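Here's a quick briefing to read alongside the model. Keep the 3D view open and click on residues as they come up.

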Amino acid sequence: IPVSGGTQVSAQPIMQQHTPMTGLSQIGQTVDAIQNQRDEKQRKEEAQQKAIALYHDQVAAQEGQLKVDDVLTTEMTEQVTLLKNDVANGAMSADDANKKLNEWSDQRYKQLETDLPLHAREQYQNHWKRNVQQQSTYMLPLQLSADAQKGLTLAEQAFGIATRYDEAKGA
């Protein structure tokens with residue numbers, strides 16, 4: 001262990017590194033700049049790819065919504081009209097019509113769902129269910145109206161029978 005004449009000597013020697021002026025530092029800076037350009041280009045390409053994927057998802061979602069709306073405005077409207085007619089004519093109760101509508105709706109949506117994009121299926125299903133529920137609310141007033149009409153018809157028939165019976169007795 002070397003001993004100094006009263007000055008403290010650090011336990012570790014201090015080494016200084018000098019880069020020779022051969023242009024290596026400029027080469028390093030150039031390599032770093034090229035790497036940064038590549039990274040920036042890759043980030044831009046990834047952002048562009050994500051934007052394109054998002055656009056395609058939005059287009060697919062719009063196409064899916066059109067398919068759902070098409071079925072709602074054609075097939076479901078036809079089904080609801082048939083059920084409403086049955087309820088209004090007294091051939092079916094509102095509860096039975098609602099059950100039939102829900103069964104048809106569940107079956108038809110399962111068929112349609114396979115053609116819809118995965119990322120928006122929950123949205124479509126909520127839209128579908130809201131429409132079915134809205135259509136179901138129209139059944140009970142129709143049944144009440146049909147029941148009232150049936151009651152009037154029965155009262156008229158009873159009155160007619162009673163008056164004929166009285167005429168037949170009196171004759």
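A salt bridge is a side-chain nitrogen of Lys or Arg within 4 Å of a carboxyl oxygen of Asp or Glu. Arg108 and Glu75 fit that description, with their closest N and O atoms 2.5 Å apart. Keep in mind that this is a predicted model. Below, we go from the overall fold to the salt bridges, then the core, and finally the pocket.

**The overall fold**

- The protein chain has four helices and zero strands.
- Read from the N terminus, its elements go α-α-α-α.
- Of the 171 residues in the protein chain, 18% are buried.
- Take the contacts in the protein chain between residues at least 6 apart in sequence: 74% of them join residues at least 24 apart.

**The salt bridges**

- How many salt bridges turn up in a search of the whole structure? The search finds two.
- One is the pair you've just met, Arg108 with Glu75, at 2.5 Å between the closest N and O atoms. This pair ties together distant parts of the chain, since Arg108 sits in helix α2 and Glu75 in helix α1, 33 residues apart.
- Is Arg108 buried or exposed? Arg108 counts as buried because its relative accessibility is 16%, and the cut-off for buried is under 20%.
- Its partner Glu75 has a relative accessible area of 32%, so Glu75 is partly exposed.
- In the other salt bridge, the side chains of Glu40 and Arg43 meet at 3.1 Å, N to O.
- Glu40 and Arg43 are both in helix α1 (residues 24-88), and they're three residues apart, which is about one turn of the helix.
- Glu40 is partly exposed because its relative accessibility is 34%. Arg43 is partly exposed too, at 48%.

**The nonpolar core**

- In soluble globular proteins, nonpolar side chains tend to be buried together.
- Here, the largest nonpolar core has 21 residues, and the ones with the most contacts inside it are Val68, Met76, Tyr124 and Trp128.
- Helices α1, α2 and α3 each put at least two residues into this core. The largest share, eight residues, comes from α1.
- What does Val68 touch, once you set aside its neighbours within four places in sequence? Val68 is in contact with Leu112, Leu116, Tyr124, His127 and Trp128.

**The largest pocket**

- The largest pocket holds about 160 Å³ of space.
- Two helices, α2 (94-113) and α3 (121-136), each supply at least two residues of its lining.
- Which helix gives the largest share of that lining? It's α2, with six residues.
- Lining residues you can look up include Asn102, Asp106, Tyr109, Lys110, Gln125 and Trp128.
- By type, the lining divides into three nonpolar, four polar and four charged residues.

**A closer look at Ser105**

- Ser105 lies in helix α2 and is one of the residues lining the largest pocket.
- Ser105 counts as buried because its relative accessibility is 2%.
- Leaving out neighbours within four places in sequence, Ser105 is in contact with Met76, Trp128 and Val132. Among those partners, Met76 and Trp128 are also named for having the most contacts inside the largest nonpolar core, while Trp128 and Val132 help line the largest pocket.

Key:
Residues numbered from 1 in each chain as written. Predicted model: local features only at pLDDT ≥ 70, side-chain atom pairs only at ≥ 80, totals over all residues. Heavy atoms only, no water. 1 Å grid on protein atoms, 1.4 Å probe; cavity = no way out; pocket = protein on both sides within 12 Å on 5 of 7 lines; lining within 4 Å. Points joined across faces, edges and corners; volume = space filled by probe spheres on them. Nonpolar A, V, L, I, M, F, W, Y, C, P; charged D, E, K, R; others polar. Buried < 20%, exposed > 50% of the residue type's maximum accessible area, 1.4 Å probe, protein only. Core = buried A, V, L, I, M, F, W, Y, C linked by side-chain atoms within 4.5 Å. Contact = heavy atoms within 4.5 Å.
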